[in-house]
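Trainee: I'm new to this one and would like a close look at a single part of it. Could you pick a helix and walk me through its surroundings?

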Amino acid sequence: MKRFFAGAAIAVLSLAPLPASAAEWSTILLEKVVNRTPDQTWAKIGPYCAIAQWLKVTCAITAGNQVSAGTNRLLNGNNNEVMVASTPWSYTYAQQASPIFYHGTLAVEPMDRGRQTKIVYTLFYDIEPLKTKDERQADRDRRTRRFSEALDNMKALAESD
C-alpha cells in the first residue's frame with residue numbers, strides 16, 4: 001500500500017508544470033523629500049485611489065475599504081491592483097494578472113523630527129519575460145520616468161494647502 005501511495009505521489013508530481021524559466025528580479029527605489037509632516041503627507045497621497053491625482057489615471061475601488069489588505073482598485077478601467085499589506089503610512093499592492101509579477105510599495109517616513117517627510121516608492125518585478133537587455137533597460141527607464149513624475153506630483157499635492 002505504501003508503494004502505491006509513493007508511486008501515485010511521484011506520478012502526480014511529474015505531471016505538475018515546471019516554471020518556464022527562473023525569475024530575474026528588478027527593484028526601482030525612488031525617494032522625494034516633502035516639507036510636511038508624515039500625517040499631512042499621507043492624508044494627501046496615501047488613500048488607495050489618490051493614485052488618480054498623482055499618477056494621472058482613473059481609479060475605482062472594486063472591493064475593500066482603501067486601508068486594508070484585500071482592497072482592490074481598478075486603474076484606467078482595466079488594471080486590477082490588490083493591496084497585499086498596509087501600515088498607517090504605507091501600502092503594498094500587486095498586479096495579479098501581470099506576467100512580470102509586479103508589486104509596488106508607497107510609504108512615507110518622518111525626517112527632521114517629523115517636520116519633513118520622505119516619500120518612498122519601491123517597484124519590484126520580474127524582468128525575465130523581457131527577453132533582451134535593451135527591452136529591460138527601456139522598461140526600467142520608462143517606469144523610472146513615470147514614477148519620478150508621480151513623486152513630483154505627490155510632493156506638489158502634499159505641500160498644497
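Mentor: Sure, let's take α2, and start with the side that faces out. Asp 39 and Ala 43 are exposed there. On the other side of the helix, which covers residues 38-45, the buried residues are Pro 38, Thr 41, Trp 42 and Ile 45. Look down the axis of α2 and those buried residues fall within an arc of 95°, so they line one face of the helix. Keep in mind as you look around that this is a predicted model.

It helps to know where α2 sits in the whole chain. The protein chain has four helices and seven strands, and from the N terminus on they run α-β-α-α-β-β-β-β-β-β-α. The chain has 161 residues, of which 35% count as buried. As for contacts between residues at least 6 apart in sequence, 52% of them join residues at least 24 apart.

Now, what does the buried face of α2 pack against? Its partners are β1 (25-34), α3 (51-54), β5 (90-94), β6 (103-111), β7 (116-126) and α4 (133-159). Let's stay with α4 for a moment. The two helices, α2 and α4, pack at an angle of about 115°, with their axes 8 Å apart. That makes α2 roughly perpendicular to α4. The crossing of α2 past α4 is right-handed. If you want to find the meeting place by residue, look for Thr 41, Lys 44 and Ile 45 in α2, which meet Met 154, Leu 157 and Ala 158 in α4. Notice that Thr 41 and Ile 45 also belong to the buried set of α2.

Next, follow the chain into the loop between α2 and α3, where you'll find Cys 49. A disulfide joins Cys 49 to Cys 59, with 2.0 Å from S to S. In general, a disulfide is a covalent bond between the sulfur atoms of two cysteines. Here the pair links distant parts of the chain: Cys 59 lies in strand β2 (residues 59-63), ten residues apart from Cys 49. The link of Cys 49 and Cys 59 is left-handed, with -75° about the S-S bond. A search of the whole structure finds one disulfide.

How do the two cysteines sit with respect to the surface? Buried means under 20% relative accessible area. Cys 49 has 17% relative accessibility, so Cys 49 counts as buried. Cys 59 has a relative accessible area of 22%, and is therefore partly exposed.

Terms used. Residues numbered from 1 in each chain as written. Predicted model: local features only at pLDDT ≥ 70, side-chain atom pairs only at ≥ 80, totals over all residues. Heavy atoms only, no water. Buried < 20%, exposed > 50% of the residue type's maximum accessible area, 1.4 Å probe, protein only. Arc of directions from axis to C-beta. Contact = heavy atoms within 4.5 Å. Disulfide = S-S within 2.5 Å. Axes fitted to C-alpha atoms, helices over the stretch in contact; angles between N-to-C directions. Parallel < 35°, antiparallel > 145°, perpendicular 65-115°, else oblique. Left-handed = near helix turned anticlockwise from the far one by under 90°.
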